[in-house]
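User: I would like a close look at one part of this model, the packing of its interior. Please keep the answer plain and tie each point to named residues.

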Amino acid sequence: MKNIKVSMRIYAGFALVLLLLAAVGGFSIQGAITAERGFGEFAEDVELVGQIERVERNVVDMRRNVYLYYTEGQDQYLRAVEDIKATLEQDINALISRATLPAVRSRLADMNTLFEAYSAEFVQVVDLRQQRQALTREGTDVLGRQGSDALDSVLDEIVRQQDVAALQVIGEAQTAFYRARLAVLRFQGRMEEDEAAEVRENLQEALGLLDRSIMQVERALQPALRDLRELIQAYGESFDRQVEVTLEANRLITGSMAARASDFARLAGESADLMRE
């Protein structure tokens, strides 16, 4: 009986040890599963943070190419913007589908709204850039050359007539017109309102001088001077329209589009910070 009791005790001890080992093993397996899940979630969060930061960098790059496209008008910058837009659209939608935190999803949705509005305004910028290009090539460039040629022709005729008084006035008008054309070129490069004001000032001076000369020259030359005046006036009107579309594009790029990009960057930073917590 004593042997039986001892053996029972031994078996019971072994059973207890086995139960303890099983319990410890179970806890270890559960801990490993939990740890693996935790590491998986951490890796997912790190990947999402990296994707958010990549989206933010792409927006900065897109803004740079938008500005270069408008100022230089080269198709390579337009293609770069379109490529970045396509990448951003995919990445933002992927982030929205993968993010689980409500606060992050909300910010990503707001970022998508900002991105769509920015893209829509860029379409306007492209249209304005094309208008500006047409006004330059078909307007001020052509009319400027025609005006200069017409001034040269009128001056040649006045020289033949030896009309010293008219020659002086038309010469001053020619100088004012040349100053206006140079200011137009500066405006096209700098796109500043001060340059536009200088253009208008010189054109008004040229028109005023032509009005004076029409009253001084012989009647046979007056039609040519009136045609010249109409050319210079048309040049000014074409330039005014060029200024209008240029400044409108500037207001979009440096105003609402810049504000949307800034808000986008802020939301991206907040989203990344939330994912890191």
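Which residues of the largest nonpolar core touch the most other members?

Analyst: This is a predicted model, and the answer starts with the core itself. The largest nonpolar core holds 40 residues, and those that touch the most other members are Met62, Val66, Phe122, Met257 and Phe264. At least two residues of this core come from each of helix 1 (2–72), helix 2 (75–98), helix 3 (102–161) and helix 6 (222–276). Apart from this core there is a second, separate one of 32 residues, with Val154, Ile170, Ala173 and Ala196 among them.

Valine 66 shows the packing at the level of one residue. Beyond its neighbours within four places in sequence, valine 66 contacts Val81, Tyr118, Phe122, Ile253 and Met257. Of these, Phe122 and Met257 are also on the list of residues that touch the most other core members.

Helix 2 contains lysine 85. Lysine 85 counts as buried because its relative accessible area, 14%, is under the 20% cut-off. Once neighbours within four places in sequence are set aside, the contacts of lysine 85 are Met62, Phe115, Ser119 and Phe122.

Tyrosine 77 is also found in helix 2. With a relative accessibility of 14%, tyrosine 77 is buried too. Its contacts outside the neighbours within four places in sequence are Asn65, Leu68, Tyr69 and Glu72. For asparagine 65, the C-alpha to C-alpha distance to tyrosine 77 is 5.3 Å, at a separation of twelve residues in sequence.

Next, the empty space. The structure has one cavity of 30 Å³ or more. The largest cavity encloses about 50 Å³. Its lining consists of Val59, Met62, Leu114, Phe115, Tyr118, Arg260, Ala261 and Phe264. Helix 1, helix 3 and helix 6 are the elements that give two or more residues to this lining. Seven of the lining residues are nonpolar, none is polar and one is charged. Met62 and Phe264, named above for their contacts within the core, are both part of the lining. Met62 and Phe115 from the lining are also contacts of lysine 85.

Last, confidence. The protein chain has a mean pLDDT of 85, with 84% of its residues at 70 or more. Over residues 31–40, however, the pLDDT is below 50, and this stretch makes zero contacts in the model beyond near neighbours in sequence. Predicted coordinates should not be read in detail where pLDDT is low.

Conventions
Residues numbered from 1 in each chain as written. Predicted model: local features only at pLDDT ≥ 70, side-chain atom pairs only at ≥ 80, totals over all residues. Heavy atoms only, no water. Core = buried A, V, L, I, M, F, W, Y, C linked by side-chain atoms within 4.5 Å. Buried < 20%, exposed > 50% of the residue type's maximum accessible area, 1.4 Å probe, protein only. Helix = DSSP H or I, 4+ residues; strand = E, 2+ residues; numbered from the N terminus. Contact = heavy atoms within 4.5 Å. 1 Å grid on protein atoms, 1.4 Å probe; cavity = no way out; pocket = protein on both sides within 12 Å on 5 of 7 lines; lining within 4 Å. Points joined across faces, edges and corners; volume = space filled by probe spheres on them. Nonpolar A, V, L, I, M, F, W, Y, C, P; charged D, E, K, R; others polar. pLDDT = per-residue confidence, 0-100.
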